[in-house]
Amino acid sequence: MASLVGHVARSTRHLLKINRSVLPSFAVSTRRTLTTKPTVRPIDEVQRSTLSDFGRYVADILPKYVQLVQVTHHNELEILIHPEGVVPVMSFLKDHHNCQYTNLADLTAIDVPTRDFRFEVSLKPMRNFRFKLSQ
């Protein structure tokens, strides 16, 4: 029994010597300087231009309902429309061959009692595109 314990102890010391020789080189190789990068999306001028052009196109087609077209700093197209234009604008976006938006991703309603037109509804039919209705 004593020889077995001695054999295990010798084997373990041998493994520990190997691990000790491997660990320092491993620790040295994994040391890196970490650089922090901001998590802000980079500005994509092509995407901004495309969204702006599409917003102007919708405003030219439906001038009666579109009040304002703008591209936010998050590269989202916002088209502010009159509340009476919800059905015509959404029908246009669904049925027109240049649009064909069939999925509504987000619907948000906001009540700001301090404003004259206190209700605002935000519809997001697709990524990077949002309608705001205020009344």
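On helix α2, the side facing away from the buried residues carries E45, V46 and D60, each of them exposed. This comes from a predicted model, as does everything that follows. Turn the helix around and the picture flips: L51, F54, G55, V58 and A59 are the buried residues of α2. Looking down the axis, those residues fit within an arc of 140 degrees, so the buried set lines one face of the helix. The length of α2 raises no eyebrows either. Its 17 residues should span 24 Å at 1.5 Å a residue, and the C-alpha atoms at its two ends are indeed 24 Å apart, so the expected and modelled spans agree.

Helix α2 also hosts a salt bridge, between the side chains of D53 and R56, with an N to O distance of 2.3 Å. Both partners belong to α2 and sit three residues apart, or about one turn of the helix. The general geometry is familiar: an α-helix has 3.6 residues a turn, so residues three or four places apart point the same way. As for solvent, D53 is partly exposed at 39% relative accessibility, and R56 is partly exposed too, at 45%.

Helix α3 can be read in the same spirit. V89, F92 and L93 are its buried residues. These cover an arc of only 95 degrees around the axis, so they end up on the same side of α3. Over on the other side, V87 and D95 are exposed.

What ties α2 to α3? One link is an aromatic pair, with Y57 in α2 (residues 45-61) and F92 in α3 (residues 86-95), 35 residues apart. A search through the whole structure turns up one such pair. The rings of Y57 and F92 are tilted, with 40 degrees between their planes and 6.5 Å from centre to centre. Why tilted, rather than stacked or edge-to-face? Stacked calls for planes under 30 degrees apart and edge-to-face for over 60, so a pair that fits neither counts as tilted. The two partners don't share the same burial class: Y57 is partly exposed, with a relative accessible area of 26%, whereas F92 counts as buried at 11%.

The nonpolar core is the other place where these helices show up together. The largest one has 14 residues, and V58, L62, V66 and L93 have the most contacts inside it. At least two residues come from each of α2, β2 (77-81) and α3, with α2 giving the most, at four residues. V58 thus appears twice in this account, once among the buried residues of α2 and once among the best-connected members of the core. L93 likewise turns up on the buried list for α3 and among those core residues with the most contacts.

Stepping back to the whole chain, there are three helices and five strands, laid out along the sequence as α-α-β-β-α-β-β-β. Of the 135 residues, 23% are buried. Among contacts between residues at least 6 apart in sequence, 41% join residues at least 24 apart.

Further along the sequence, L107 is found in strand β3 (residues 106-111). Is L107 buried or exposed? Despite being a leucine, L107 counts as exposed, at 54% relative accessibility. It still has partners: setting aside neighbours within four places in sequence, L107 is in contact with V121, S122 and L123. For V121, the C-alpha to C-alpha distance to L107 is 7.3 Å, across 14 residues of sequence.

How many salt bridges are there in total? The count comes to three, and the D53 and R56 pair is one of them. In general, side chains of opposite charge can pair when their charged atoms come close. Another bridge joins the side chains of R118 and D111, at 2.8 Å from N to O. Here R118 is partly exposed at 34%, and D111 is partly exposed at 39%. There is also a bridge between R115 and E120, with 3.3 Å between the closest N and O atoms. In this pair R115 is partly exposed, with a relative accessible area of 35%, while E120 counts as buried at 14%.

Definitions and conventions: Residues are numbered from 1 along each chain as its sequence is written. This is a predicted model: local features need pLDDT of at least 70, side-chain atom pairs count only at pLDDT 80 or more; totals for chains, interfaces and linings use all residues. Side-chain values use heavy atoms; hydrogens and water are left out. Rings of Phe, Tyr and Trp (its six-membered ring) pair if their centres lie within 6.5 Å; planes under 30 degrees apart count as stacked, over 60 as edge-to-face and the rest as tilted. Buried means under 20% relative accessible area, exposed over 50%, partly exposed in between (1.4 Å probe, protein chains only). A salt bridge is a side-chain nitrogen of Lys or Arg within 4 Å of a carboxyl oxygen of Asp or Glu. The expected span of a helix is 1.5 Å times one less than its number of residues. The arc is that of the directions from the helix axis to the C-beta atoms. A nonpolar core is a set of buried Ala, Val, Leu, Ile, Met, Phe, Trp, Tyr and Cys residues joined through side-chain atoms within 4.5 Å. Contact means heavy atoms within 4.5 Å.
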